[in-house]
Each structure stands twice: as structure tokens, then as C-alpha cells.
Amino acid sequence: MSIKLENVGIAVRDLEATIAFFTDLGLTVMGRDEVSGEWTDTAVGLDGNHSRIAMLQTPDGHGRLELFEYIHPEAIETEPTRPNVIGMHRIAFSVDSLDKALAIAATHGCFPLRGVATYEDVYKLTYVRGPSGIIVMLAEELKKN
């Protein structure tokens with residue numbers, strides 16, 4: 001059996017603000033749609049499922065995010081996930097410049113959870129709290145080949 005990661009799906013509070021955050025970091029919008037109907041009810045497991053969606057792709061073409069803004073049923077607000085909560089943890093991106101990525105994130109009101117760390121001599125990295133409480137890891141490789 002062959003398997004390939006297609007995308008990571010994330011329900012968001014504000015689709016446009018989340019798209020702006022990720023496109024400013026360098027992802028591109030592959031497409032948008034508004035979906036509803038029996039097929040979405042069946043696939044997602046929610047009756048009356050209706051949402052606006054956008055598919056974003058990383059510049060290398062390998063990573064994709066599918067963002068959902070629910071129209072129905074109403075989105076459920078919860079406390080933002082902490083790094084040690086069981087379940088979906090974070091999304092991680094390699095960046096050419098952590099300083100530039102953090103400057104972009106700051107324009108969206110997104111800042112490191114604590115600060116910037118260095119993992120051995122390999123990465124300079126941090127977690128930021130992105131739109132809708134999404135934890136986003138940004139990492140700059142220190143030893144570039």
C-alpha cells in the first residue's frame with residue numbers, strides 16, 4: 001500500500017485573516033470554495049455541514065494546509081491548545097530567516113510563546129500563537145548545506 005500526506009486541515013475563526021497570515025509567510029492559495037451538501041455531511045460527520053475553505057501550498061509544493069471557516073454548524077470556540085495537550089499539536093515550517101518570519105508574524109499580532117531557542121547548532125526556532133490559536137513552529141536551519 002502506498003500512502004502520501006495530502007494536507008493538514010484546520011478549522012479557523014476568520015478565514016481571510018488566516019489566509020493573510022500564511023500567505024505573508026510565503027504560502028500560496030491554490031483554491032477556494034464554499035462546500036455543503038450530503039457529501040460533506042458524510043465525509044465530515046456533521047449534519048448540515050457548510051463551510052468556506054481555502055487550500056494553501058508551501059513554495060516547495062510539498063506541504064498543504066486546508067483551512068475551514070464553518071458557517072454551519074456554528075464553530076465552537078475553545079481555549080487555545082497548549083503544547084502539552086494530547087491531540088493536534090502544531091504545524092511547523094522551515095524558514096530562510098527566522099527574524100523575517102517573526103517580523104511578518106508580528107504584523108498579524110502573533111508572537112513567540114516564550115522566546116527564540118537554539119537546538120544544538122542545528123536550528124534556531126520558536127513557537128508562535130497564530131490566527132485562531134494555531135501553534136506554528138518556525139525554524140531556521142543554522143548549518144545550511
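**Glu69 and the sheet around β8**

Glu69 counts as buried because its relative accessibility is 16%, and the cut-off for buried is under 20%. Before I go on, please keep in mind that this is a predicted model.

So much for the number; now the surroundings. Glu69 belongs to strand β4, residues 64-72. What is Glu69 in contact with, leaving aside its neighbours within four places in sequence? There is a run of Val12, Arg13, Asp14 and Leu15, and then Ser51 and Arg52. With Leu15 there is a polar pair to point out: a polar atom of the Glu69 side chain lies 3.1 Å from the backbone nitrogen of Leu15.

That is all on Glu69. My second topic is strand β8.

Strand β8 covers residues 135-141, and six of its seven residues are buried. Which strands share a sheet with β8? Reading across, the order is β5-β8-β7-β6, four strands in an open sheet with mixed pairing. At the edges are β5 and β6, the latter being residues 117-119, and each of them pairs on one side only. On average, neighbouring strands here are turned by 30 degrees against each other, direction ignored.

As a reminder, strands of a sheet pair through backbone hydrogen bonds, either parallel or antiparallel. Take the two partners of β8 in turn.

On one side is β5, residues 91-94, which runs parallel to β8 and is joined to β8 by four bridges. If you want to find the register on screen, Ala92 stands opposite Met137, and Ser94 has Ala139 as its bridge partner.

On the other side is β7, residues 123-129. How many bridges does β7 make with β8, and in which sense? The count is seven, and the sense is antiparallel. Here Val128 is bridged to Val136 of β8. β7 and β8 form a hairpin, with five residues between the two strands. In that turn, Ser132 has a positive phi of about 60 degrees.

Last, the helix. α3, residues 98-107, lies across β7 and β8, and runs at about 10 degrees to β7.

To recap: Glu69 is buried at 16%, with a polar atom of its side chain 3.1 Å from the backbone nitrogen of Leu15. β8 is mostly covered, and pairs parallel with β5 and antiparallel with β7.

Technical notes: Residues are numbered from 1 along each chain as its sequence is written. This is a predicted model: local features need pLDDT of at least 70, side-chain atom pairs count only at pLDDT 80 or more; totals for chains, interfaces and linings use all residues. Side-chain values use heavy atoms; hydrogens and water are left out. Buried means under 20% relative accessible area, exposed over 50%, partly exposed in between (1.4 Å probe, protein chains only). Two strands pair if DSSP finds at least two bridges between them. Axes are lines fitted to C-alpha atoms, for helices over the stretch in contact, and angles run from 0 to 180 degrees between N-to-C directions. Contact means heavy atoms within 4.5 Å. A polar contact is a pair of N or O atoms within 3.5 Å; within protein, one must be able to donate a hydrogen and the other to accept it, and residues adjacent in sequence count only if both atoms are side-chain atoms.
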